[in-house]
Amino acid sequence: MLDGRLHRPPHLYATVRVAILAGILFLSGIGSLIFETLWLRLSGLSFGNSVWAAALILSSFMAGLALGNAIAASSRFRRWRPLHLYAVLELAVAFFGCTIVFGLPLLGELMRPVWQMLWNYQPTLIGLRFVLSFLILLIPTTAMGLTLPVLVEDPILRRANFGRAIGFLYGSNTLGAVAGAVVGEAYFIEAFGLRGTGLAAGLASCIAAAIALLVSKRDGDTAALIPERAVPLRLDVSYRPPWRLLFVSFGTGAIVLCLEVVWFRFLRLYVPSSSTAFAVMLAVVLAGIGLGSIVAGAIHRRSARLNQLLPVLLLLAAIATLSSYLFFPGEVVQTRAGVFDVSWQQIGFLSIALIFPVAFLSGILFPSIVACVQASVEDRMNSTGITTLFNTTGAAAGPLLASFMLLPSIGYQWSLIVCAAGYALLAILVCEHSTWSLRRPIGLVTTGLCAALILFFAIFPHHRAEMHFAHASRPYETDDQGRLFAHVVKKVEGASDTLQLLRRDLFGEPYYYRLLTNAFSMSATNPRSQRYMRLFAYLPLAFRPESEDVLLICYGCGVTADAFLRGLHVKRMDVVEISKEVLQLADFYSGINYSNPLRDPRVTTFIQDGRFFLQASPRQYDIISGEPPPPKVAGAVNLYTEEFFSLMNSRLKQGGIVTFWLPINQLKVEEAKAILRAFHNVFANASLWASGDQEWIMMGIKGPGRKVEEEELRQLWSNPDTGADLRGIGVEVPQQLGALFVMDGEEIDRITQGVAPLTDIYPKRLTDEPWDDEANHRFALIYLEAPSAVQRFLRSPLISAIWPETLNKSLESFFIVRQTRYFSETIGSNKLAELDLYLRHSHLRMPVLEVLGSDRFRLAIAERVAKESQTPPLETMPDLIAGALARRDIEGAIRLLESEKDRAVFSLNDTFLLIYLYCLNGSVEKAEALAAAQASSVQKDWFVDWLWGKLKNDFGFHPPR
């Protein structure tokens with residue numbers, strides 16, 4: 001009896017075959033996309049993550065794909081079965097893909113001496129990195145480039161309409177990539193790490209290979225998997241390439257990848273720069289292309305008409321590029337001054353609105369172009385290979401064009417316009433004469449679309465970009481009541497990021513600056529930020545005062561660089577910054593005593609990512625520090641892993657010191673512990689330091705360190721330059737430096753027991769999820785409460801080894817000040833009670849300024865403005881009063897308050913303060929008289945009861961009845 005398969009209608013059997021092969025390619029897409037993301041991530045760790053390094057790695061990946069496409073474009077099958085060859089290719093992808101995932105970190109270690117030897121020969125170093133990355137990725141990427149062209153040569157698939165088949169196959173492969181992007185980022189990396197995720201990708205490719213072999217066997221194919229003495233393909237280029245169509249394939253590949261870079265840059269003005277956000281955006285791009293290809297497969301019945309559809313599709317893509325931007329629903333997202341407060345659903349919605357229309361049309365375009373090329377070339381594998389070759393080559397050029405030419409020179413909005421114009425030019429190029437005939441429907445459609453596009457260009461609102469920039473900066477320009485207090489002074493669209501420099505003025509003068517990268521505050525010069533940023537420098541300078549060579553990783557606003565250059569013995573400082581635009585902005589800052597640190601002759605700058613610099617630079621340093629990006633920003637996790645800290649340790653001299661940021665207010669508690677565990681695994685002498693906030697500083701010493709003598713430590717305060725700077729950030733005496741202590745290595749061991757460290761292989765131990773402010777507060781409070789903090793300090797073996805015991809007297813009072821300031825900033829406090837504590841039980845000035853809402857910058861500006869006026873302007877009075885009290889000039893503060901009273905701008909809080917100061921100055925009668933005069937405006941509450949009781953007990957004050 002004949003096999004039932006022989007009785008199936010040929011078209012039905014072909015349809016089933018397309019469905020089976022589509023499923024195989026779906027699995028292949030999952031594995032390939034996961035491998036691609038893993039390779040790019042790990043290559044960045046080994047070869048660098050700078051813009052140029054990333055471009056080299058991406059070019060290497062695309063070159064391998066293009067090589068596979070080129071082989072398919074110029075070859076014919078020779079004795080091999082297509083499904084057999086396909087299975088071998090998938091197995092090669094799986095084997096070499098996993099090998100790369102496991103081997104790249106080892107290669108980075110092995111190549112470190114080579115990088116260091118070639119450090120002074122940068123062109124050679126760049127060339128070697130490209131060659132290495134190309135050779136490493138060559139086999140699996142070439143195999144990836146061959147899979148689709150080989151599969152379309154399946155004999156049974158020949159019975160199907162080629163346009164339908166290529167649409168379904170390419171679409172299924174791309175939708176598999178969507179699944180790979182989402183599942184890999186959302187689950188696999190967190191659950192299994194990079195190596196486990198690589199194995200999962202390899203498994204997907206192996207399953208695809210196994211199904212291909214099973215299908216081949218079911219067909220009754222008994223040929224050997226690998227025929228003896230037979231090369232699977234032979235060179236045969238006997239066709240004339242349709243150059244016009246191939247140029248269109250190149251152009252569409254270049255434009256859509258160029259748009260991808262531009263879209264992602266634009267969306268980062270609205271969504272957090274996180275790995276999850278990038279995965280969602282990439283998934284939307286791929287989903288649009290995949291679904292468009294499926295639709296193309298469903299509508300393609302006769303290839304003869306495809307040439308007429310191409311101009312229409314290209315013109316629609318041009319219109320969609322502009323319209324999706326013009327009607328972008330950015331108002332849906334209400335950004336707050338923070339990060340990671342936008343859900344993935346919102347990211348997906350915005351991405352679909354901006355990206356999906358053009359991606360969908362691109363998905364229809366590619367199978368259409370392949371089908372048109374096949375009508376000319378005839379051989380299915382050759383036509384698929386050559387079309388994909390040109391498309392891949394264009395796709396390799398697109399990101400380079402966007403990153404290095406369009407975005408830095410004309411910005412994202414004009415880049416979108418250029419891409420739309422590119423689609424229009426391709427439409428004109430591919431048009432035939434009959435396409436423009438108004439007697440035919442296709443002519444009417446084409447002419448109408450051209451007219452619509454011209455109208456779009458004519459009425460395009462070219463100032464629309466300002467609205468999107470403003471959306472990113474608005475949370476940092478206005479207060480909670482919507483009042484404007486800052487403005488943008490400089491915008492830069494660089495190769496990798498959009499930067500905005502904001503300035504807040506006070507009394508008409510620059511107060512502080514804030515550097516926004518995309519939609520997030522990356523650094524600032526406000527007083528609170530200056531404190532911990534300058535402590536990055538002063539902590540190691542205090543415990544290693546003889547330091548001469550300093551490395552600063554990440555420049556930020558230059559605060560840490562400025563502090564380091566004040567070091568008494570610093571002779572050289574290398575600054576490593578991945579963004580040249582950040583360094584270019586250094587000349588745009590201005591303010592009190594500001595000078596650009598980069599102009600100091602001791603400074604050498606390097607445009608490079610910090611990790612590769614540590615790998616490749618041969619220099620050793622006394623101190624390594626930095627102003628790194630917040631840990632949850634995309635890519636920043638690589639600066640917080642155990643491997644990165646190990647690289648820092650390798651570049652330190654014996655006894656050298658590392659300081660690094662640990663913002664527990666931007667992390668989950670367990671994530672902070674994972675970073676601490678990683679840091680302490682590298683530095684046995686690790687410790688944590690902090691002022692009265694949650695901006696903590698990790699400090700690690702290479703080796704045992706040494707005890708600093710009191711005289712050495714006091715030099716920082718006796719030197720006019722460093723002393724004034726330290727007092728300006730609230731570290732007014734050496735004992736206050738000791739009172740910044742939080743914990744040492746023993747306590748880190750205790751709280752991280754059972755906590756896995758953050759490593760390169762397990763980067764998802766630092767998640768994209770929002771942090772818990774209440775949990776962070778509870779954790780910080782344990783270590784900032786004064787009594788227990790003092791005991792940890794006195795019992796610490798590290799402190800005994802490095803801190804001069806002669807400074808231990810009266811330390812407790814400084815820990816109390818830190819605790820009080822922390823409570824005041826986090827849960828609020830009785831400001832007058834806090835002021836009383838500082839004025840009567842401390843000689844410190846900065847806490848007095850802070851409790852009254854002032855700081856050294858505000859005070860300096862207010863004093864200068866007041867000096868230039870006969871009568872101090874009213875807006876300067878609170879700062880002048882705070883300054884007088886900080887100097888313990890009680891009478892001066894009283895005169896200023898009385899002046900306010902005489903000028904009828906006297907608030908109830910001013911009344912309470914003046915009553916208190918009268919009592920403190922011994923003028924109880926004046927206090928009683930003022931209280932009686934204001935009795936009608938004072939409502940009894942807990943504060944008034946406390947104040948009257950306090951003044952009665954301490955000064956004999958008689959409250960009004």
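Does Glu710 count as buried or exposed, and at what relative accessibility? At 18% relative accessibility, Glu710 counts as buried, because buried means under 20% relative accessible area. The legends below describe this residue and several other sites in a predicted model.

**Figure 1. Overall view of the predicted model, with 34 helices and 14 strands**. The radius of gyration of the protein is 33 Å, close to the 30 Å that the globule rule gives for 961 residues, so the protein is as compact as a globular protein of that length. Taken along the principal axes, the box filled by the C-alpha atoms is roughly 115 × 65 × 55 Å. Of the 961 residues, 60% are buried. When contacts between residues at least 6 apart in sequence are considered, 78% join residues at least 24 apart. The protein exposes about 38000 Å², and carbon and sulfur atoms supply 59% of this area.

**Figure 2. A salt bridge within helix H19, formed by Glu710 and Arg714**. The closest N and O atoms of the two residues are 2.7 Å apart. Both residues lie in helix H19, which spans residues 710–718. They are four residues apart, about one turn of the helix. Glu710 is buried at 18% relative accessibility, whereas Arg714 counts as partly exposed at 33%.

**Figure 3. A salt bridge between strand S3 and helix H12, formed by Lys491 and Glu466**. The side chains meet at 3.1 Å, N to O. Lys491 lies in strand S3 (residues 487–493) and Glu466 in helix H12 (residues 464–477), so the pair ties together parts that are 25 residues apart in sequence. Lys491 is partly exposed, at 33% relative accessibility. Glu466 is also partly exposed, with a relative accessible area of 41%. Side chains of opposite charge can pair when their charged atoms come close. The count for the protein comes to 46 salt bridges.

**Figure 4. A salt bridge in helix H34, formed by Lys950 and Asp954**. The closest N and O atoms of this pair are 2.8 Å apart. Lys950 and Asp954 are four residues apart in helix H34 (residues 942–955), a separation of about one helical turn. Both ends of the pair are partly exposed, Lys950 with a relative accessible area of 21% and Asp954 with 33%. Elsewhere, salt bridges that share partners join Arg544, Glu546, Asp549, Asp622, Lys653, Arg706 and Glu712 into one network.

**Figure 5. A nonpolar surface patch that includes Tyr187**. The patch is made by Val182, Val183, Tyr187 and Phe192 and covers about 340 Å². Tyr187 is placed in helix H5, which runs over residues 162–218. Its relative accessible area is 46%, and Tyr187 is therefore partly exposed.

**Figure 6. Surroundings of the buried residue Ala201**. Ala201 lies in helix H5. Its relative accessibility is 0%, and Ala201 therefore counts as buried. Leaving aside residues up to four places away in sequence, Ala201 touches Gly31, Ile34 and Phe35. The C-alpha atoms of Ala201 and Leu38 are separated by 9.7 Å, although these two residues are 163 residues apart along the chain.

**Figure 7. Asn518, a residue with positive phi in the loop between strands S5 and S6**. Phi of Asn518 is about 60 degrees, although this residue is not a glycine. Most residues other than glycine have a negative phi. The loop that holds Asn518 runs between strand S5 (509–517) and strand S6 (520–524). At 1% relative accessibility, Asn518 counts as buried.

**Figure 8. Ser810, a residue with positive phi in the loop between helices H25 and H26**. Phi of Ser810 is near 60 degrees, a positive value in a residue other than glycine. The loop that holds Ser810 lies between helix H25 (797–802) and helix H26 (811–826).

Notes. Residues numbered from 1 in each chain as written. Predicted model: local features only at pLDDT ≥ 70, side-chain atom pairs only at ≥ 80, totals over all residues. Heavy atoms only, no water. Patch = residues over 30% accessible without salt bridge, like charges linked within 9 Å, V, L, I, M, F, W, Y side chains within 5 Å. Areas by Shrake-Rupley, 256 points an atom, 1.4 Å probe, with all protein chains shown as cover. Salt bridge = Lys/Arg side-chain N within 4 Å of Asp/Glu carboxyl O. Helix = DSSP H or I, 4+ residues; strand = E, 2+ residues; numbered from the N terminus. Buried < 20%, exposed > 50% of the residue type's maximum accessible area, 1.4 Å probe, protein only. Rg over C-alpha atoms; globule rule 2.2 N^0.38 Å. Contact = heavy atoms within 4.5 Å.
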